[in-house]
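Colleague: Please take me through one part of this model, slowly enough for a first-year student. I would like to hear about the links that hold side chains together, and what sits around them.

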Amino acid sequence: MARRALTTPIILLAALTVACTARKPASPAPVQAGSHDMASMPGHDMSAMGGGGSHSAAEKAFLFPDGDDRGWSKIENGMQHNVAPEIPLAKLPAATRAELLRQLALTMDVVKKYPTVKDVEAAGYRRAGPFIPGLGTHYVGGRMGSGRGAALTDDDILHPSTIIYDGTKPTSPIAGFMYISSVMAGAPEPEGFAGPNDHWHYHVGICLVRGANGAQEALGFDGSITQDGCKARSGNWVATTQYLLHVWTVPGYSDPLGVFAHANPALMCGDATYYTDDHDITNQCKHP
């Protein structure tokens with residue numbers, strides 16, 4: 001199959017990793033089906049996860065009861081405005097719950113179609129950035145979601161912008177998805193999936209260079225490199241991305257932090273840690 005050219009919106013997907021910002025809790029209010037105001041959901045305590053930052057004490061205690069987070073607390077994923085935990089399905093309005101479950105079930109078709117890196121590359125997807133613990137390896141080549149902040153269509157869901165794998169080998173298995181909106185960061189967040197649980201994020205200050213076989217290598221992102229530094233490396237500078245959304249529905253890679261969590265503790269380095277290092281342009285595990 002001929003190599004698929006990566007368009008500018010798709011190139012933006014290669015950005016990975018940095019600190020988060022929390023949204024202030026809103027006052028309780030009635031919720032409408034499809035509303036993205038998580039603080040307004042009945043029975044939802046946004047303070048339960050311990051306040052600002054992307055990794056609260058409660059989260060770390062939940063994931064690592066022995067007290068050793070093995071580097072997890074340093075794993076970040078772009079800028080985001082809402083780091084509250086997901087609303088349990090049982091607390092969602094019935095119509096919203098039914099539509100969300102129907103949408104998520106569609107992703108199983110993608111799992112069956114592209115179970116390994118070999119399969120997704122054969123379909124024209126190409127690696128964008130390295131394997132990063134908690135985030136996996138992103139392969140880009142699908143489509144952007146609907147414009148103007150609209151909900152994702154079934155066709156959008158069935159053709160994700162990015163498919164995430166647990167590694168870079170031909171046999172590495174599928175682990176999750178990332179959808180991209182045509183809405184730029186700074187505008188109201190997209191509607192996306194039904195209900196309030198889809199936590200969108202974005203990246204700033206990205207430096208990308210084209211690698212072998214159509215891959216995109218990330219030399220810097222989210223403040224780790226300047227625009228001049230990127231230019232000196234003959235990189236492509238992206239000031240700000242569109243809104244991005246992770247979805248973790250793949251069997252064996254469900255995320256205990258939620259189906260739309262920004263990072264997934266199931267994606268570990270070979271030594272079962274999350275410690276990162278820039279020793280390998282395709283794998284940022286300190287100990288692969």
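**Links and neighbours**

Modeller: Start with Arg126, which belongs to strand 2, residues 126–132. Keep in mind that this is a predicted model. Arg126 is buried, yet it has no salt bridge. Which side chain of opposite charge is nearest to Arg126? That is Glu121, and it is 5.4 Å away. A salt bridge needs a side-chain nitrogen and a carboxyl oxygen within 4 Å, so this pair does not count. Arg126 does have another contact: its side chain reaches the backbone oxygen of Asn213 at 3.2 Å.

Next come the strands. Strand 4 covers residues 162–165, and both of its faces are covered. Thr162 and Ile164 are buried on one side. Ile163 and Tyr165 are buried on the other. Strand 4 has a partner in strand 3, residues 136–140. These two run antiparallel and are joined by 4 bridges. Within that pairing, Val140 stands opposite Thr162. Strand 4 also pairs with strand 5, residues 174–184, again in the antiparallel sense and over 4 bridges. Here the bridge partner of Thr162 is Met178. Thr162 thus has Val140 opposite it in one pairing and Met178 as its partner in the other.

Now the disulfides. A disulfide is a covalent bond between the sulfur atoms of two cysteines. How many does the structure hold? There are 2. One joins Cys207 and Cys230, with the sulfur atoms 2.2 Å apart. The angle about its S-S bond is 85°, and the link is right-handed. This pair links distant parts of the chain. Cys207 is in strand 7, residues 204–210, while Cys230 is in helix 6, residues 227–232. The two cysteines are 23 residues apart. Both are buried.

The other disulfide joins Cys269 to Cys285, with 2.1 Å from S to S. This link is left-handed, with -95° about the S-S bond. Cys269 lies in the loop between strand 10 and strand 11, and Cys285 lies in strand 12, so the pair ties together parts that are 16 residues apart in sequence. Are these cysteines buried or exposed? Cys269 is buried, with a relative accessible area of 5%. Cys285 is buried too, at 1%. Counting bonded cysteines along the chain, the pattern is 1-2, 3-4.

Last, the rings. A pair of aromatic rings is described by the distance of the centres and the angle of the planes. The structure holds 7 aromatic pairs. One of them is Phe64 with Tyr274: the centres are 6.2 Å apart and the planes are at 75°, so the pair is edge-to-face. Phe64 is in the loop between helix 2 and strand 1, and Tyr274 is in the loop between strand 10 and strand 11. They are 210 residues apart, so to speak of distant parts of the chain is fair. Phe64 counts as buried at 6% relative accessibility, and Tyr274 does so at 2%.

Tyr274 also pairs with Trp72. That pair is edge-to-face, with 5.1 Å centre to centre and 70° between the planes. Trp72 sits in the loop between helix 2 and strand 1, 202 residues from Tyr274. Trp72 counts as buried at 0% relative accessibility. Put these together, and ring pairs link Phe64, Trp72 and Tyr274 into a cluster.

Technical notes: Residues are numbered from 1 along each chain as its sequence is written. This is a predicted model: local features need pLDDT of at least 70, side-chain atom pairs count only at pLDDT 80 or more; totals for chains, interfaces and linings use all residues. Side-chain values use heavy atoms; hydrogens and water are left out. Buried means under 20% relative accessible area, exposed over 50%, partly exposed in between (1.4 Å probe, protein chains only). Lys and Arg count as positive and Asp and Glu as negative; His and the chain ends are not counted. A polar contact is a pair of N or O atoms within 3.5 Å; within protein, one must be able to donate a hydrogen and the other to accept it, and residues adjacent in sequence count only if both atoms are side-chain atoms. Two strands pair if DSSP finds at least two bridges between them. A disulfide is a pair of cysteine sulfur atoms within 2.5 Å. Rings of Phe, Tyr and Trp (its six-membered ring) pair if their centres lie within 6.5 Å; planes under 30 degrees apart count as stacked, over 60 as edge-to-face and the rest as tilted.
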